[in-house]
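This report describes one molecular structure for a reader who has not met it before. The sequence and the coordinates come first, and the description follows.

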Amino acid sequence: MRFNEKELVFLSRQPSEMAAELGMKGHKKGDVIKRRLVKLVVNFLFYFRTDEEEPMGALLLEQCRVDREDRQSFSITFLDEAERKYLFECDSEEQCREWMDSIIKASYEFMRKNLIFYRTEIHRLTGKDPLEQYGISDETRFQVSNGLQMTSGETSSL
Amino acid sequence: MKLNERSVAHYATCDSPPDKTGFLFKKGERNTAYHRRWFVLKGNMLFYFEERDSREPIGVIVLEGCTVELCESAEEFAFAIKFDCPKARVYKMAAETQAAMESWVKALSRASFDYMRLVVKELERQLEEIQEATGNGNVPGRPKLSRRNHMARSKSGVSSSSSSSSSSLSSTSAFGVPSVPSHSSAQKMSQDEVQLNSGSSKENGVTWSKPPALVNGALDGASSCAAWEGSADSGNNGVKRYAADGVRAPPVPPRRRGASLESPVSPGTGCFSKLHDWYGKEVEDLRVQWLQSQ
């Protein structure tokens, strides 16, 4: 599958709140843990060889699951390949927790769910659609899931 | 650079609803003819397929950091996806109609993760403001209300017409009306008597349009608010909040406080983002429950 690699590499250079050297092990049988610079940018997890500027690889963090493996490690599994785990070893329990948390929240779909929740909750409490003032009420990406009805009035825009 | 391509392709075809789909012409890189492809926009990823019913995408354009512009082209309804990075490829596209072009340009220019994050943060902030207004209205609202009641009583003594209007308002409970009528202060008082959740709408600057049935919900909200102030480890389990139709509502995010990582519900707890971390996990489950019961 083709993808715009240059632009993705450029994205990996953007500032990130979460970047650290972690132990990382791929999903293949022979893989061993190697130190990598792991960097979270939007919904991508980039990993670099520690002395290199260009990333070795990127993981799109949609449709994935994050599990605690032991006190200091976690794994990422993609829903379409449940047997394949990417393992990450942190330096502390705290760091492990922070990374797991950040990765879970790094998906576009996670943000969308939160937005829908806030939107419906604000609408429930105030009777107003908070997106209306920005003129974006009708955007598909902000819609409540298919077929579900709102309870109060003024729901046509939702 | 490696990419988890199989999982990315899976994201394209899995059952999460796409943000936009349709046919577009895409100019090839080497073969500079325009090829008609089926496009699927999901989040910040623009996938393209050979045919509408193809199982796997031919490719994907990661849209983060792009700008979308109309462009000069021999093709009608043409636009371009551009990136800020050096030697970036310009993706030249063409739609089949003017309306389609405008719709795609709009959808693509708002497709970034950063944009979604901005909107979420803004709504999060708004909800927090509303919750804090509710919180402020609930607890200190009670002593205020008793002062008002006292005032209402003394006022109604002044003119008989206002006292009768206030009593009729209480019984008919015209709370469907969002705005507080300003012509009669006695009327306003009695509306406040029953709108226990927030005091007067004017006070908080928030319009409450809840029907009388919601008073129970509001009272529950009040008690749950008190529970938060009181106990550190009630978590969310002991606290019940009910929406208008008596359905259990998802937990209300507690107020912002200092920065620590204790029980998420205690006021001594964390900055909002830490609370939200915990809260965020609950959101999905509770939301599903709540929506299912609508």
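Between chain B and chain A an area of about 6,500 Å² is buried, and carbon and sulfur atoms give 62% of it. On the chain B side, the residues that lose the most area to chain A are Met1(B), Phe113(B) and Met116(B), together 13% of what that side buries. The model is a predicted one.

**The interface**

Counted by residues, 78 of chain B are in contact with 68 of chain A. There are three salt bridges between chain B and chain A. One salt bridge joins the side chains of Arg6(B) and Glu81(A), at 2.8 Å from N to O. Across the interface, 23 residue pairs are in polar contact, with both residues at pLDDT 80 or more.

Which elements of chain B supply at least two residues each to the side that touches chain A? They are E1, H1, E4, strand E5 (59-62), helix H2 (98-109), helix H3 (113-138) and helix H9 (272-292) of chain B. H3(B) gives the largest share of that side, with 14 residues. By residue type, the side of chain B that touches chain A divides into 41 nonpolar, 16 polar and 21 charged residues.

**Helix H1 of chain B**

Helix H1 of chain B covers residues 5-13, and within the helix Ser7(B), Val8(B), Ala9(B), Tyr11(B) and Ala12(B) are buried. What covers these buried residues comes from both chains. From chain A, the cover includes strand E5 (57-60), strand E7 (73-78) and H3. From chain B, the cover includes strand E1 (2-3), strand E3 (34-42) and strand E4 (45-49).

**Chain A as a whole**

Chain A has three helices and eight strands. Along the sequence these elements follow the pattern β-α-β-β-β-β-β-β-β-α-α. Of the 158 residues in chain A, 54% are buried. The accessible surface of chain A comes to about 7,500 Å², and 45% of that belongs to carbon and sulfur atoms. Among contacts in chain A between residues at least 6 apart in sequence, 43% join residues at least 24 apart.

**Two buried residues of chain A**

Thr126(A) is placed in helix H3 of chain A, which spans residues 108-126. Is Thr126(A) buried or exposed? Thr126(A) counts as buried because its relative accessible area is 13%, and the cut-off for buried is under 20%. The side chain of Thr126(A) reaches two backbone atoms: the oxygen of Ile122(A) and the nitrogen of Lys128(A).

Glu139(A) lies in the segment after H3 of chain A. With a relative accessible area of 9%, Glu139(A) is buried as well. Its side chain makes a polar contact with the side chain of Arg141(A). Leaving aside neighbours within four places in sequence, Glu139(A) is in contact with Lys106(B) and Arg110(B), two residues of chain B.

The distances for the side chains of these two residues are set out below.

| Side chain | Partner | Distance |
|---|---|---|
| Thr126(A) | backbone oxygen of Ile122(A) | 2.7 Å |
| Thr126(A) | backbone nitrogen of Lys128(A) | 3.1 Å |
| Glu139(A) | side chain of Arg141(A) | 2.9 Å |

Methods. Residues numbered from 1 in each chain as written. Chains lettered and ligands numbered in written order. Predicted model: local features only at pLDDT ≥ 70, side-chain atom pairs only at ≥ 80, totals over all residues. Heavy atoms only, no water. Helix = DSSP H or I, 4+ residues; strand = E, 2+ residues; numbered from the N terminus. Buried < 20%, exposed > 50% of the residue type's maximum accessible area, 1.4 Å probe, protein only. Contact = heavy atoms within 4.5 Å. Areas by Shrake-Rupley, 256 points an atom, 1.4 Å probe, with all protein chains shown as cover. Polar contact = N/O pair within 3.5 Å; in protein donor to acceptor, adjacent residues only side chain to side chain. Buried area = accessible area lost by both parts, 1.4 Å probe. Salt bridge = Lys/Arg side-chain N within 4 Å of Asp/Glu carboxyl O. Nonpolar A, V, L, I, M, F, W, Y, C, P; charged D, E, K, R; others polar.
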